[in-house]
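Dear colleague,

Please find below the structure that I am handing over to you, together with its sequence. My notes on what was found follow directly after it.

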Amino acid sequence: MIDPDVLDQDFPTYLKTIAEFTENELIPAENEMVEAGEVPARILARMASLGLFGISIPRAYGGLEWSMEQQVRLTLEFTRASCVYRSRFSTVIGLCSQAILDHGTEEQRRRMLPSMAAGELVTAFALTEESAGSDAAHLRTTAVRDGDGYVLDGSKRYITNAAWADAFLVFARTSESDEGAGGVSAFIVDAASPGVRTALPTVMNGHAEAPVGEIYFDGVRVPAANLLGDVEGTGLSMALRGINHARLHVAATCVGQATRILEETTAHVLGRKQFGAPLADLGAVQATLGACFAELEAGRALTVECARTFDEGAIPRHRIAAAKLYSSEMASRVADRCVQLLGGEGIVGPHPVPRMWRDVRALRIYEGSSPVHERNLAKAMIRQVATDGTLPNSYRV
Ligand SMILES: Cc1cc2nc3c(=O)[nH]c(=O)nc-3n(C[C@H](O)[C@H](O)[C@H](O)COP(=O)(O)OP(=O)(O)OC[C@H]3O[C@@H](n4cnc5c(N)ncnc54)[C@H](O)[C@@H]3O)c2cc1C
């Protein structure tokens, strides 16, 4: 349940609450989380009572209803801590709640969103399959109409929060005649349904404390009332609408991570002496830090600008894709250079920078991998210029 005091806070007060929570509780608990191999239960309870599961959900459904720019500003704060914390509520605030909000029936919104906002009902977004990753439209999980419901068969992999979710938003094929996006529908599936099984991977390279999982559906009965929006065949467009939120959250996460990495690394080179002086006195070290800072601020500016445009009513989806692409590549580049500046400490021991270096790598792969974004952006540019000579989401007046 969200603390009633938090529900009363205006945005500047709430932002300060989250900044203090990050500094005083999330960052100090990082080593404990790594040693335990999971996010401590008391931290999860605090995240729920502080409303982090509900930042994007409207007040009418029990959430905090912050604007996209406010969500981005919050993300910049709480992702100064390990991005593993965020992944525990990311599927609720981004992909799942947004799809239910934008496309669910009123009954589905009322049934799901208040407990999602309170952190009492965790949802996972189940799209990716073994044979359908970047090419999600060709997924093979099926949902066959049977009496007053559907029967689901198939499997999903790489699903964030699969092991902890109370419900999944599952994308499945309802039409055999349409093998592409038009045959895909979305379903709310209770994780406790007979025939549902989840499994965790044996190895995670990064994000080890919040591993992704596999989900198997073996003749799972789903009531017709759980077909999202009560409409078949539009599942993928429902998924893509929410993906714009999630991509902006990821872009902000990359900026938050790079901020902390640069804070930690600058402190390190100030304190570490070689050749009789701090590493920070070396021109080569300064050049690296300055270049990283410029790239960090470019990522921040692009992300915040996209969020502002979003709040004005138009979803600048190409610029959002660019923000996600640029910021995720930037965070990885910054992390890699900073590991170099740490020397042996970047490889040996519990320093947070190498842990974040491993964690940010995944951000270039999910919510659209970097090469897929590059390809899609180029295709949109070519199409648009051929039509009217402008670039996608053009600033031209
Ligand atoms: C930590 C993590 C969390 C995730 N969470 C979720 C989740 O909650 N829900 C969910 O449904 N999925 C999730 N995913 C899955 C993620 O969306 C997929 O991994 C991603 O879409 C890529 O699919 P794939 O892994 O099958 O790679 P593939 O599709 O096999 O692609 C591999 C690589 O090939 C290249 N490539 C592929 N297609 C193209 C193209 N058209 N043009 C240029 N290059 C291309 C890219 O370099 C790409 O990285 C998660 C993944 C990770 C790593």
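A polar side-chain atom of serine 134 lies 2.7 Å from an oxygen atom of the ligand. Please bear in mind that this is a predicted model. Two further contacts involve nitrogen atoms of the ligand: one such atom is 2.7 Å from an N or O atom in the side chain of threonine 128, and a nitrogen atom of the ligand also has a backbone N or O atom of phenylalanine 125 at 2.7 Å. On its own, the ligand would expose 970 Å², and the protein buries 67% of that area. Strand 3 and helix 12 (370–388) are the elements that contribute two or more residues to the surrounding shell.

The shell as a whole consists of 15 residues, and Phe125, Thr128, Ser134, Tyr158 and Thr160 are the closest. By character, the shell residues divide into nine nonpolar, five polar and one charged. Where does the ligand lie with respect to domain 2 and domain 3? Domain 2 (124–233) and domain 3 (237–388) both supply residues to the shell, and the ligand therefore lies between them.

Tyrosine 158, one of the closest residues to the ligand, deserves a separate remark on its backbone. Its phi is positive, at about 60°, although the residue is not a glycine. Tyrosine 158 belongs to strand 3, which covers residues 149–160. With a relative accessible area of 52%, tyrosine 158 counts as exposed, because the cut-off for that class is over 50%. That value is computed with the protein chains only.

Histidine 207 likewise is not a glycine and has a positive phi, here of about 55°. This residue is found in the loop that connects strand 6 (196–199) with strand 7 (212–223). Is histidine 207 buried or exposed? Its relative accessible area is 6%, so histidine 207 is buried, the limit being under 20%.

Finally, some remarks on the overall fold. The protein contains twelve helices and nine strands. Its C-alpha trace spans about 80 × 55 × 45 Å along the principal axes. For 397 residues, a compact globule would have a radius of gyration near 21 Å, and the 22 Å of the protein agrees with this. Of these 397 residues, 53% count as buried.

With kind regards

Methods:
Residues numbered from 1 in each chain as written. Predicted model: local features only at pLDDT ≥ 70, side-chain atom pairs only at ≥ 80, totals over all residues. Heavy atoms only, no water. Helix = DSSP H or I, 4+ residues; strand = E, 2+ residues; numbered from the N terminus. Buried < 20%, exposed > 50% of the residue type's maximum accessible area, 1.4 Å probe, protein only. Near = heavy atom within 4 Å. Polar contact = N/O pair within 3.5 Å; in protein donor to acceptor, adjacent residues only side chain to side chain. Areas by Shrake-Rupley, 256 points an atom, 1.4 Å probe, with all protein chains shown as cover. Nonpolar A, V, L, I, M, F, W, Y, C, P; charged D, E, K, R; others polar. Domains from an automatic or database assignment. Rg over C-alpha atoms; globule rule 2.2 N^0.38 Å.
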